[in-house]
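Got your viewer open and a selection box ready? Here is a guided walk, one stop at a time.

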Amino acid sequence: MTQVPQVPPTESELTGVRNFRDVGGLPTTDGRRVRRGRLYRSGHLAHATAEDALLLGRLGLHTVFDFRNSADLKLDGRDVELPGVRNVNIPLSDPADGAGFWRMVRDGDLDQLRSILADGKGTARMVNSYRAMITDRTAEHSRVLHALAEDSVPALMHCAAGKDRAGLTIAICLLAVGVGREAIEEDYLKSNDPHRRYRVRRSDPSAAATSPEVMELLSPLFGAHVEYLDEAFSAIDDTWGGTERYLSEGLGLAPATRERLRERLLDEA
């Protein structure tokens, strides 16, 4: 039997992990709610302190899903090991795709940042990436949902910031158990809260490298914007005609699998 979570950590108690939260409590369209202590999301665990590890260890986690790619792992490091917890790495982006772009984000001067991000180019890149994660990563998302249906809860899902790859995968999990799109968006936007927001890393420590103009240019990349998630939902509708066909045809979820997901992730009816 799965261990019952004891004293789940609050965000303020985790000092080396950002953007952590339990998505429990979100309502489904048929009047149920996501069960607390079953599905968590966060930024990476590479910088988790010993105390963080103890707090996370009390959650009774079965699996940590890490959606970072090899470039992310090289930059931030691998997750801190949590005793008795399975770690599953399922990259949701190609490290070779945009390597030069992200290098310029970290290292580029103002003129270079303007060239790749100004006039809506940063937003366009993010919108396109969300759409691609829906249309091009069906196998990965299917794997996650089938794992949850079988034995992988309680689960923690993260990428680097816990905003985009993890945020979209959490959104798909919530769609699969009947949470409405508006409720999903509300949770997604919590990644913008000051204590959760990803800390922008620039190789140049000077004030000029993080000037107001620089930070404004970078904002589309490091903020949670509802139009990104809306684009993902539009990709579902445009490609499959709606959520039901996306789940059944795109992700290969049989009705019995959907029902097991609901049993594992929702409060009792």
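What follows is a list of things to select, with a note on what you'll find at each stop. Keep in mind that this is a predicted model.

**Stop 1: the sheet**

Start with cartoon view and pick out the strands. Five of them make an open sheet, in the order 1-2-5-3-4, and the pairing is mixed. Which strands stand at the edges? They are strand 1 (21-22) and strand 4 (86-89); each has a single partner strand, so one side of each is left without a neighbour in the sheet.

Now select strand 1 together with strand 2 (residues 39-42). The two run antiparallel and are joined by two bridges. Show the residues facing each other: Arg21 is opposite Arg41, and Asp22 is opposite Tyr40.

Stay on strand 2 and turn on its side chains. In a regular strand, side chains alternate between the two faces of the sheet. Here Leu39 and Arg41 point one way while Tyr40 and Ser42 point the other way, and all are buried.

Next, add strand 5 (residues 155-158). Strand 2 pairs with strand 5 in the parallel sense, over four bridges. Tyr40 has Leu156 as its bridge partner there.

**Stop 2: the nonpolar cores**

Nonpolar side chains tend to be buried together in soluble globular proteins. Select Phe65, Phe67, Ile134, Leu148, Met157 and Leu261: within the largest nonpolar core, which has 63 residues, these touch the most other members. Which helix gives the most to this core? Helix 7 (residues 165-176) does, with nine residues.

Zoom in on Leu148 and show what surrounds it. Leaving out residues up to four places away in sequence, Leu148 touches Phe65, Val153, Ala155, Met157, Cys173, Leu261, Arg264 and Leu265.

Then select Leu14, Val64, Leu82 and Leu156. These are among the members of a second, separate core of 15 residues. You've already met Leu156, as the bridge partner of Tyr40.

**Stop 3: the rings**

Colour the aromatic side chains. There are seven aromatic pairs in the model. Begin with Phe65 and Phe67: their ring centres are 6.4 Å apart and their planes are at 15°, under the 30 degrees cut-off, so this pair is stacked. Both of these residues are buried.

Move on to Tyr130 and Tyr228, a tilted pair, 5.5 Å centre to centre with 45° between the planes. Why does this pair tie together parts that are 98 residues apart in sequence? Because Tyr130 lies in helix 5 (residues 121-136) and Tyr228 in helix 10 (residues 226-240). Tyr130 is buried, at 0% relative accessibility, and Tyr228 is buried too, with a relative accessible area of 0%.

For the last ring stop, select Phe101, Trp102 and Phe222, which ring pairs link into a cluster. Add Arg125 and look at the face of Phe101: Arg125 lies over it, 3.9 Å from the ring centre.

**Stop 4: helices 11 and 12**

Select helix 11 (residues 243-250) and show Thr243, Tyr246, Leu247 and Gly250, its buried residues. They cover an arc of only 110° around the axis, so they sit on the same side of helix 11. What covers them? The cover includes helix 5, helix 6 (138-150), helix 7, helix 8 (181-188), helix 10 and helix 12. Just past the end of helix 11, click on Gly252, which takes a positive phi of about 65°.

Now go to helix 12. Its buried residues are Thr257, Arg258, Leu261, Arg262 and Leu265. Their arc is only 140° around the axis, which puts them on the same side of helix 12. Helix 6, helix 7 and helix 11 are among what covers them. Look at the other side of helix 12 and you'll find Pro255 and Glu263 exposed.

**Stop 5: Leu266**

Finish with Leu266, in the segment after helix 12 (255-265). Is Leu266 buried or exposed? Leu266 has a relative accessible area of 0%, so it counts as buried.

Show its contacts beyond neighbours within four places in sequence: Thr28, Arg32, Arg33, Val34, Arg35, Val177 and Leu261. Try a distance label from Leu266 to Arg32, C-alpha to C-alpha: the two are 6.9 Å apart in space and 234 residues apart in sequence.

Methods:
Residues numbered from 1 in each chain as written. Predicted model: local features only at pLDDT ≥ 70, side-chain atom pairs only at ≥ 80, totals over all residues. Heavy atoms only, no water. Phe/Tyr/Trp six-rings, centres within 6.5 Å; stacked < 30°, edge-to-face > 60°. Buried < 20%, exposed > 50% of the residue type's maximum accessible area, 1.4 Å probe, protein only. Lys NZ or Arg CZ within 6 Å of the ring centre and 35° of its normal. Contact = heavy atoms within 4.5 Å. Pairing = 2+ DSSP bridges. Core = buried A, V, L, I, M, F, W, Y, C linked by side-chain atoms within 4.5 Å. Arc of directions from axis to C-beta.
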